[in-house]
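Here are some exercises to work through with the model open beside you. Try each task on your own before you read its solution.

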Amino acid sequence: MAYWLMKSEPDVYGIDHLAAEPDGVEHWDGIRNYQVRNMFRDQFRIGDQAFFYHSNTKVPGIVGVMEVVSEAYPDHTAFEPGKYYDPKSDPDNPRWLMVDVRYLRHTRRVITLAELKADPALSDMALVRRGNRLSVMPVTNDQWAHILEMEKRDAE
DNA sequence: GCCAACGTTGGC
DNA sequence: GCCAACGTTGGC
């Protein structure tokens, strides 16, 4: 089983939105980055778990845990008029993929980006490396376990 | 195939 | 709101 971190802006779609979905399930659409698409296609598996990360907000950080509940499949929002429309993608040859995720829980507190950055054990994490803008990224087993331990502590 | 211009992400 | 860092686009 693999671990991931997936970013979303809470004003657009936050952990509370996911928690409120029927069965806590929603598709993770709107990914328009080839690296992420390839991760969805080649590495995401049912049963993987992911941190839900709030970006572009006052206190960015990890706010919840979810699980992957589908294989990658075509992102239909690319076919429809709207924010995510991409004329170069069509149902016969879909360019973009998405996966379904299911809400598991809120973390007991926000594990802030500042904490993650300050922790030497996480210095290799993609999230804290300078300039990294991927909205979906892998988390190693060690990093995952370490962050769950951080969650148990009170914020510094 | 290079690379400048442009658009987006996302922390601050 | 600013702007650094990056990915993508398109002219050549």
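The exercises below go from the whole chain to one strand, one loop residue and the two DNA strands.

A word on conventions: this is a predicted model, in which local features need pLDDT of at least 70 and side-chain atom pairs count only at pLDDT 80 or more, while totals for chains, interfaces and linings use all residues. Residues are numbered from 1 along each chain as its sequence is written, chains are lettered from A and ligands numbered from 1 in the order in which they are written, and side-chain values use heavy atoms, leaving out hydrogens and water.

**Exercise 1. The whole chain**

Task: Describe the elements and the overall dimensions of chain A.

Solution: Start with the elements, which are DSSP runs numbered from the N terminus (helices H or I of at least four residues, strands E of at least two). Chain A has five helices and eight strands, in the order β-α-α-β-α-β-β-β-β-β-α-β-α from the N terminus. Next, take the radius of gyration over C-alpha atoms and set it against the globule rule, 2.2 Å times the number of residues to the power 0.38. The value for chain A is 16 Å, close to the 15 Å that the rule gives for 156 residues, so the chain is as compact as a globular protein of that length. Finally, the C-alpha trace spans about 50 × 30 × 30 Å along its principal axes.

**Exercise 2. Strand E1**

Task: Work out whether the faces of E1 are covered or open, and find the strands that pair with E1.

Solution: Begin with burial (buried is under 20% relative accessible area, exposed over 50%, partly exposed in between, with a 1.4 Å probe and protein chains only). Six of the six residues of E1 (residues 3-8) are buried. Now split them by side, recalling that in a regular strand the side chains alternate between the two faces of the sheet. Tyr3, Leu5 and Lys7 cover one side, and Trp4, Met6 and Ser8 the other. Then look for partners; strands pair if DSSP finds at least two bridges between them. E3 (residues 49-54) runs parallel to E1, joined by six bridges, with Ser8 opposite His54. E8 (residues 136-139) is antiparallel to E1 over four bridges, and here Trp4 faces Pro138.

**Exercise 3. A loop residue**

Task: Place Gln43 and list its contacts.

Solution: Gln43 sits in the loop between helix H3 (34-42) and E3. Its relative accessibility is 43%, so Gln43 counts as partly exposed. Contact means heavy atoms within 4.5 Å. Beyond its neighbours within four places in sequence, Gln43 touches Trp4, Asn38 and Asp48.

**Exercise 4. The DNA strands**

Task: Which residues surround each DNA strand, and which polar contacts does Arg133 make?

Solution: First collect the nearby residues (near is a heavy atom within 4 Å). Around DNA strand B are Lys7, Tyr53, Ser55, Asn56, Pro60, Leu113, Lys117, Arg133, Leu134 and Ser135. Sugar and phosphate make up 68% of the atoms of DNA strand B within 4 Å of the protein. DNA strand C is surrounded by Tyr34, Gln35, Lys88, Arg130, Gly131 and Arg133. Then check polar contacts (N or O pairs within 3.5 Å; within protein, one atom must be able to donate a hydrogen and the other to accept it, and residues adjacent in sequence count only if both atoms are side-chain atoms). A polar side-chain atom of Arg133 is 2.9 Å from a base oxygen of DNA strand B, and one lies 2.7 Å from a base oxygen of DNA strand C. Lys7 places a polar side-chain atom 3.2 Å from a phosphate oxygen of DNA strand B.
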